[in-house]
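User: I am new to this structure and would like to learn how to read its features one at a time. Could you take me through them, giving the general idea before each case?

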Amino acid sequence: MTFHAHTLPDFPWDTLVPARHKAAEHPQGALDLTVGSPVDPTPQLALEALSASADAHGYPPTLGTESLRSAIINWTRRRRSVNGDVDIMLSIGSKETVALLPSLLGFGRGDRIGFPSIAYPTYDVGTRLAGAEPVALDPAADPETWPQDLAMVWLNSPSNPDGHVLSVAQLRKIVAWAQAHGVVVASDECYAELCWDVDYAPSVLADEVCDGNTRGLLMLYSLSKQSNMAGYRAAFMVGDPELVAPVLEIRKHAGFMLPSPVQHAMALMLDDDTHVAEQAARYRVRREKLLAALESAGLVNDPDNVAGLYLWAGEDPARAAAAGRDVVDAWALVNALAELGIIVAPGTFYGAAGANRIRMSLTASDQVIDQAVERLADLPQTLARHVEKL
């Protein structure tokens, strides 16, 4: 199959440029609450580890150093309750794996790959890159209602953008269905340490979910969010050894290697839970400030937004009804907020079901969050003006 770039969807962020220009006109400047890129310092432990291993004159092992592989296994047992048989693949950031995994597993024309109907766009993009057919589905639905000819299913829990978490019972149903039908399940769990209104987000590989049977199951994880290491591109995949092995073989032939200093830093950071809890506490404070400001401004957060790095908000239906109209769409909210100098992402970037939602990131400094809270007080009047123009 010959691949052409035009088979990919339009890059959505380009459509946000006018809103960015409008926000930049604000007298106090623009406040960017769009992309989930960490802004807090990388912990000192990682900086010291990187420096200590900077004399990296030899090629790093594609499989990972023994210390890193041991740290990953210990972390999956300690933090994700994984005790089944698994193998490990390092990746240069988790987005690389999301984009390439269908191709690396050999899926292509004639295969159908499912992913959440509200989702990070790269699940769709990676499917198209492989030449397979993307299929949007409801991850919370009974899997028996999904198309029965799927080759692979992506999960994302806690999810981006809506912050939903799949329960143990839901995951058990998905795993049982997938293993009965020979469907690969790849679960992107990079927000797992950022839970707000649930005790934890279970892993697809956890004993309580798969009973130690990892057949057909893969889990992706990244240190970008939990450890402020996005610039290190420190990530990995764990799961069914029969699925991981051929992907590792391809990576060895292609020379895909995670730099030695990064591997050393990863091993130390995975062994340290203190810095993870400290960063989660920072995000919790920012989240609570924004939630209070949104409520005062007439917006409501998705009630199932219980984890992750984003708020998934829309206009309060009761307030819209009192004004004698339907709730405004995502772009009306984006443009009204841009007038206040606040840049957010429209929910339409993540699927049709986001037509009346915006995604607001918690990855901004305390100063930016505080300024956004102040400006949100003017949203009702600003939004009313935009509605009048419609």
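Analyst: We will go through the pocket, a helix, two sheet regions, a buried serine and some unusual backbone angles, bearing in mind that this is a predicted model.

User: Let us begin with empty space: what volume does the largest pocket have, and which residues are closest to its centre?

Analyst: The general idea is that rolling a probe the size of a water molecule over the atoms shows where empty space is left. In this model the largest pocket has a volume of about 1,000 Å³. Its lining is made of 43 residues, and those closest to the centre are Trp-13, Lys-95, Tyr-120, Pro-121 and Thr-122. The elements that contribute two or more residues to this lining are helix H4 (94-104), strand E3 (112-116), helix H5 (122-129) and helix H8 (223-227). Sorted by class, the lining of the largest pocket holds 24 nonpolar, 12 polar and 7 charged residues.

User: Strand E3 is named in that lining; how many of its residues are buried, and which strand does it join?

Analyst: In general, strands of a sheet pair through backbone hydrogen bonds, either parallel or antiparallel. Strand E3 is mostly covered, with 4 of its 5 residues buried, and 5 bridges join E3 to strand E4 (residues 133-137), the two running parallel. Within this pairing, Phe-115 stands opposite Ala-136 in E4.

User: Where can I see antiparallel pairing, and in what order do the strands come?

Analyst: Look at the open sheet of 4 strands, whose order is E9-E10-E13-E12 and whose pairing is antiparallel. Strand E9 (299-301) and strand E12 (345-346) are its edge strands, each of them pairing on one side only. E9 is joined to strand E10 (residues 310-315) by 3 bridges; the bridge partner of Leu-299 in E10 is Glu-315, and that of Asn-301 is Ala-313. E10 is also joined to strand E13 (residues 358-361), here by 4 bridges and again antiparallel, with Trp-312 standing opposite Arg-359 in E13.

User: Why can E10 be called largely enclosed?

Analyst: The reasoning rests on burial, where a residue counts as buried under 20% relative accessible area. Because 6 of the 6 residues of E10 are buried, the strand is largely enclosed by the rest of the structure.

User: Turning to helices, how does the length of H6 agree with its number of residues?

Analyst: The check takes 1.5 Å a residue, so the 14 residues of helix H6 (residues 168-181) should span 20 Å, and the end C-alpha atoms are indeed 20 Å apart, which agrees. The buried residues of H6 are Leu-171, Ile-174, Val-175, Trp-177, Ala-178 and Gln-179. These buried residues pack against strand E5 (152-156), strand E6 (184-188), helix H7 (207-210) and strand E7 (217-222).

User: Strand E7 also contains Ser-222; is Ser-222 buried or exposed, and which residues does it touch?

Analyst: Ser-222 has 2% relative accessibility and therefore counts as buried. Leaving aside residues up to four places away in sequence, Ser-222 touches Ser-94, Cys-190, Ala-234 and Ala-235. Val-198, by contrast, is 24 residues from Ser-222 in sequence and 21 Å from it in space, taken C-alpha to C-alpha.

User: Finally, which backbone angles should I look at with care?

Analyst: The general idea is that most residues other than glycine have a negative phi, and most peptide bonds are trans. Here the peptide bond from Ser-157 to Pro-158 is cis, with omega near -5 degrees, and a cis peptide bond also joins Asn-160 and Pro-161, where omega is about 20 degrees. Pro-158 is placed in the loop between E5 and H6, and Pro-161 is found in the loop between E5 and H6 as well. Just after H6, Gly-182 takes a positive phi of about 70 degrees.

User: What is phi in Asn-228 and in Arg-233, and where do these residues lie?

Analyst: Asn-228 has a positive phi of about 55 degrees although it is not a glycine, and it lies in the loop between H8 and strand E8 (234-239). Arg-233 is also a residue other than glycine with a positive phi, near 55 degrees, and is found in the loop between H8 and E8. As for accessibility, Asn-228 is buried, with a relative accessible area of 7%, whereas Arg-233 is partly exposed, with a relative accessible area of 31%.

Methods: Residues are numbered from 1 along each chain as its sequence is written. This is a predicted model: local features need pLDDT of at least 70, side-chain atom pairs count only at pLDDT 80 or more; totals for chains, interfaces and linings use all residues. Side-chain values use heavy atoms; hydrogens and water are left out. On a 1 Å grid over the protein atoms alone, a cavity is a set of points where a 1.4 Å probe fits but cannot get out, and a pocket is an open set with protein on both sides within 12 Å along at least five of seven lines; lining residues have an atom within 4 Å of a point. Grid points are joined across faces, edges and corners, and a volume is the space filled by probe spheres set on the points. Ala, Val, Leu, Ile, Met, Phe, Trp, Tyr, Cys and Pro count as nonpolar, Asp, Glu, Lys and Arg as charged, and the others, Gly among them, as polar. The expected span of a helix is 1.5 Å times one less than its number of residues. Buried means under 20% relative accessible area, exposed over 50%, partly exposed in between (1.4 Å probe, protein chains only). Contact means heavy atoms within 4.5 Å. Two strands pair if DSSP finds at least two bridges between them.
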